[in-house]
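This report describes a protein model, beginning with one residue and moving outward to the whole chain. Please keep the sequence and the structure in view while reading.

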Amino acid sequence: MNRLQPFPEPTDRMLQTFIDLARLARGGDAAAPILTSGEIIPRIWDLTTIVDHRLHADTRRWLTNVVEWLNTQHAWYSAELTPACWPEHPGLTRELSTLAATRYQAGEATNPIQLEEWHRYALPGYLERTRDQRAACQEKHQPWPGRAAHTRGAEEPP
């Protein structure tokens, strides 16, 4: 049995978004229809930019598949596992969505440089930056410790 698993494929809606962003980045005639429409293209790596509910759901499902892929293909130690509760942690969700989008784009490159850089910088950076968030959830889910202080001033008086 081959233990190597391919990186999860985005849905057709997600692929169209990546294509539109590439056209926009290219500029010129390729970007003209997007620029004249005034449409704001969502960024898959920033869930807050996705207003289409179907695209948002697609992206969440894709990220769930990416977590499974990361946990089976790149987590050497249990401390490196991304916990199943990642959607409950905004910081972890932001890191994960950026990591997933850069991995997808690196895998689509026509040379190995982007993928090598993903392995050298993006993946270790993700593991390092999210270590404390993951550690708090490994044995028992821990809510955000700063929630009380954060919401104290945000609540409306009775």
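## A buried threonine and its surroundings

Thr130 has a relative accessibility of 1% and therefore counts as buried, since the term applies to residues under 20% relative accessible area. The model in which this value was computed is a predicted one.

Where along the chain does Thr130 lie? Its place is in the loop that joins α5 (113-129) to α6 (131-138). A polar atom of the Thr130 side chain is 2.6 Å from the backbone oxygen of Tyr126. When the neighbours within four places in sequence are set aside, Thr130 is in contact with Leu92 and Glu95.

A second threonine, Thr17, is part of helix α1. Thr17 has a relative accessible area of 6%, so this residue is buried as well. Beyond its neighbours within four places in sequence, Thr17 touches Ile41, Pro42, Ile44 and Leu55, in the sense of contact.

The two residues are set out side by side below.

| Residue | Relative accessible area | Contacts beyond four places in sequence |
|---|---|---|
| Thr130 | 1% | Leu92 and Glu95 |
| Thr17 | 6% | Ile41, Pro42, Ile44 and Leu55 |

## The second largest pocket

Thr17 also belongs to the lining of the second largest pocket, together with Arg13, Gln16, Asp20, Glu39, Ile40, Ile41, Pro42, Thr49, Val51, Asp52 and Leu55. Among these lining residues are Ile41, Pro42 and Leu55, which are contacts of Thr17. The space in this pocket amounts to about 210 Å³.

Which element gives the most to the lining of the second largest pocket? That element is helix α1 (residues 12-26), with four residues. By character, the lining is made up of five nonpolar, three polar and four charged residues.

## The protein as a whole

The protein contains seven helices and zero strands. Read from the N terminus, its elements follow the order α-α-α-α-α-α-α.

How many of the 158 residues, as a percentage, count as buried? The share is 32%, and Thr130 and Thr17 are among the buried residues. The accessible surface of the protein is about 10,700 Å², and carbon and sulfur atoms hold 55% of this area.

Contacts can also be described by distance along the sequence. Of the contacts in the protein with a separation of 6 or more, 61% are between residues 24 or more positions apart.

Conventions. Residues are numbered from 1 along each chain as its sequence is written. This is a predicted model: local features need pLDDT of at least 70, side-chain atom pairs count only at pLDDT 80 or more; totals for chains, interfaces and linings use all residues. Side-chain values use heavy atoms; hydrogens and water are left out. On a 1 Å grid over the protein atoms alone, a cavity is a set of points where a 1.4 Å probe fits but cannot get out, and a pocket is an open set with protein on both sides within 12 Å along at least five of seven lines; lining residues have an atom within 4 Å of a point. Grid points are joined across faces, edges and corners, and a volume is the space filled by probe spheres set on the points. Helices (H or I, at least four residues) and strands (E, at least two) are DSSP runs, numbered from the N terminus. Ala, Val, Leu, Ile, Met, Phe, Trp, Tyr, Cys and Pro count as nonpolar, Asp, Glu, Lys and Arg as charged, and the others, Gly among them, as polar. Buried means under 20% relative accessible area, exposed over 50%, partly exposed in between (1.4 Å probe, protein chains only). Contact means heavy atoms within 4.5 Å. Accessible areas come from the Shrake-Rupley method with a 1.4 Å probe; for residues, only the protein chains shown count as cover. A polar contact is a pair of N or O atoms within 3.5 Å; within protein, one must be able to donate a hydrogen and the other to accept it, and residues adjacent in sequence count only if both atoms are side-chain atoms.
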